[in-house]
Amino acid sequence: MAKTLSLYVERNTFIHRVDSINKILYVLVSVAIPLILPYKFVAVLLILISISFLLLAKVMRRVIPLIEFSVIILLSIVIIQGLFHAGNKTVAFHIARITFYKEGLSYAFTLSMRVINILLAFAILVLTTKPSELIEALVKKGLSPRFGYVLSSALQIIPQMMSAVGSIMDAQRSRGLETEGNLAVRIRAFFPLIGPVVMGSLIETRERAMALEVRAFNSREKKTFLNERQNLRSDNVIRLILFSILSLSIVLRVLL
Amino acid sequence: MKKIIVENLKYRYPLSENLALKGISFEVEGGEFIGIIGRNLAGKSTLCQALVGLVPHFYKGAYSGNVEISGMNVLENNISELSKKIGIVFQNPFTQITAAKLTVYEEIAFGLENMGIEIKETIRRIEYVLHLLDLEKYKDRNPFELSGGQMQRLAIASIIAMKPEIIVLDEPTSQLDPQGSEEVFKAIQSLSREGITIMMVEQKIEKIAQYADRVMLMSDGEVVDFDVPQKIFLRDDLLNYGVQAPVFTRVCRSLNIKNKNTGLYPVTLDEAYELMVRHEQNRS
């Protein structure tokens, strides 16, 4: 399988079939609501909703590494806020001589819930949406096709470049270049490696630009899309629900 | 009908002092298979790029003369417009993959989507080129998973799907192994049978001798000769232009075995074999 940077997991579920734009809207709404309604239970509720969607999409297992990755950030939030939050007054507990405060820990909990909420909402988007579909949807909504191309090609070109770096490194090693050892050795090895990589990439970019030109990339015709997605009634319903929830949260914020 | 008309084409790359093309003129009829040969820096690739409009639209530089492709003036039309009439396949199969698509099927659709071709027609054309270039079994594969020969066939398929009347191939087999080269030559042969005009730069002289209707010999930015393969490969000064006659021609020349009807040495294996058999029969 050719390497791509995509995290997309191929499954045949309702969540996978939801319009990409609706998934982006879900992310935006999920990020916005805890900010509009700054109550702990709101973020927790959204986390539970996102977890349900991830379970429905059968991709929950893929989320665990993302959460593990964020643990360090969350721990640092808890430690810093628990110790140094501006409003710290009530002592929660001591570890050795270090004192943690309730106010700080409460604030850290709110922040952590928001971070996890954002992470899970994005996970729904990236794990259940083909990058090409997402970019095509954005191009249809007015994103520049050039920018769309840069985004979608980067997902495949970067892994290809990394494999080219591996080949160049092997070639340089076979000519006696030391690439492993202390920092000084590695710095000395950097330039003979980076030179061919950069030059090779520039040449490839120029050749690929020509190949794109002759495939009518800059055509003024209105583009068509092979994977044209029919706008389903469920898409409109989902969009309506998301806008309603967002509007409701704004109204609640004003009233409460 | 004339598909390509080139009149006194001169071109100099930006920052270069020398002309890469020095007043080239020639014409090509529809359906012809033209082989372009010559040593490195003879101007073969520059000529290819001038035919598809990359020279001067992409490279800029100093340009004069007239190039008409199926009635379209290259200078007056942009590359995208020209791509409806003429397509090009480059040396490196890897850099012709757009990297924006995840399957062979979608990769072929890329140019058609840009041209705004209707989806039904797009699908029809994709199915046709997949069959023509024997890529059907790879249609769901990622283009980067293909071998060099398969990748080059995909590049050709992507261009054919755009239905150009002319295809320019700039050493399409130079980076391929013998099997990959053979795959590409077979594909080009089937295109030629479909009536597509082909301009092909190639160092594999035996292949050019086998397939080309006419051969263009280039040197130092000029067309030295433009004639049928038998006449081009008969030239005594061929080596001066960095080109050797096909091995069959050289063997028959050393044995003085000629085609009695034309008075010329054979240039293909089949022709050489036939003449040698006849020669042996006459001797015995």
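## A short helix with a cis proline

A helix here is a DSSP run of H or I that covers at least four residues, and helices are numbered from the N terminus. With that in hand, we can place Pro56(B): this proline sits in helix α2 of chain B, residues 54–57. The model you are looking at is a predicted one, so please read what follows as a description of that prediction.

Pro56(B) is worth a look for its backbone too. The peptide bond that leads from Val55(B) into Pro56(B) is cis, with omega near 10°.

## Where chain B meets chain A

Let us move to the contact between the two chains. Chain B brings 46 residues to it and chain A brings 34 residues. Together they bury about 3400 Å², and 58% of that area lies on carbon and sulfur atoms. Three residues of chain B stand out here: Thr95(B), Glu113(B) and Asn114(B) supply 17% of the area that chain B buries against chain A, more than any other three residues.

Polar features cross this interface as well. There are 20 residue pairs in polar contact between chain B and chain A, counting pairs with both residues at pLDDT 80 or more. Several helices of chain B take part, with α1 (44–52), α3 (79–82), α4 (104–114), α5 (119–132) and α6 (148–160) each giving at least two residues to the side that touches chain A. The largest share, ten residues, comes from α4(B). By residue type, the side of chain B that touches chain A divides into 25 nonpolar, 14 polar and seven charged.

## Lys101(B) and its partners

Three salt bridges are counted between chain B and chain A. In one of them Lys101(B) pairs with Glu136(A), and the closest N and O atoms are 3.4 Å apart. As general background, side chains of opposite charge can pair when their charged atoms come close. The pairing reaches further, as Glu136(A), Lys101(B) and Glu113(B) are linked in a network of salt bridges. The side chains of Lys101(B) and Glu113(B) also make a polar contact at 3.0 Å.

Where does Lys101(B) sit? Its place is the loop between β6 and α4 of chain B. Lys101(B) counts as buried because its relative accessibility is 9%, and the cut-off for buried is under 20%. Setting aside neighbours within four places in sequence, Lys101(B) is in contact with residues of both chains, among them Gln156(A), Phe110(B) and Pro143(B).

## Two residues with positive phi

Ala99(B) is found in the loop between β6 (86–89) and α4 of chain B. Its phi is near 70°, a positive value in a residue other than glycine. Ala99(B) counts as buried, since its relative accessibility is 0%.

Glu171(B) also has a positive phi, of about 45°, although it is not a glycine. This glutamate lies in the loop between β7 (166–170) and α7 (178–193) of chain B. Is Glu171(B) buried or exposed? Its relative accessible area is 11%, so Glu171(B) is buried.

## Salt bridges within chain B

Over all chains the structure holds 23 salt bridges. One of them joins the side chains of Lys2(B) and Glu29(B) at 3.1 Å, N to O. The pair links distant parts of the chain, with Lys2(B) in strand β1 (residues 2–12) and Glu29(B) in strand β2 (residues 21–29), 27 residues apart. Lys2(B) is partly exposed, with a relative accessible area of 36%, and Glu29(B) is partly exposed at 31%.

Glu183(B) and Arg153(B) form another salt bridge, their closest N and O atoms being 3.0 Å apart. This one ties helix α7 of chain B, home of Glu183(B), to helix α6, home of Arg153(B), across 30 residues. Both Glu183(B) and Arg153(B) are buried. The side chains of Arg235(B) and Asp237(B) meet in a salt bridge too, at 2.8 Å from N to O. Arg235(B) is partly exposed at 21%, as is Asp237(B) at 23%.

## Aromatic pairs

The count of aromatic pairs over all chains comes to 14. One of them is Phe93(A) with Phe100(A), a stacked pair with 5.1 Å centre to centre and 20° between the planes. Phe93(A) is partly exposed, with a relative accessible area of 36%, whereas Phe100(A) counts as buried at 9%.

Phe190(A) and Phe191(A) pair edge-to-face, 5.4 Å centre to centre with 80° between the planes. Phe190(A) is partly exposed at 43%, and Phe191(A) counts as exposed at 57%. Over in chain B, ring pairs link Tyr11(B), Tyr13(B), Phe58(B), Tyr59(B) and Tyr63(B) into a cluster.

How values were computed. Residues numbered from 1 in each chain as written. Chains lettered and ligands numbered in written order. Heavy atoms only, no water. Contact = heavy atoms within 4.5 Å. Buried area = accessible area lost by both parts, 1.4 Å probe. Salt bridge = Lys/Arg side-chain N within 4 Å of Asp/Glu carboxyl O. Polar contact = N/O pair within 3.5 Å; in protein donor to acceptor, adjacent residues only side chain to side chain. Nonpolar A, V, L, I, M, F, W, Y, C, P; charged D, E, K, R; others polar. Buried < 20%, exposed > 50% of the residue type's maximum accessible area, 1.4 Å probe, protein only. Phe/Tyr/Trp six-rings, centres within 6.5 Å; stacked < 30°, edge-to-face > 60°.
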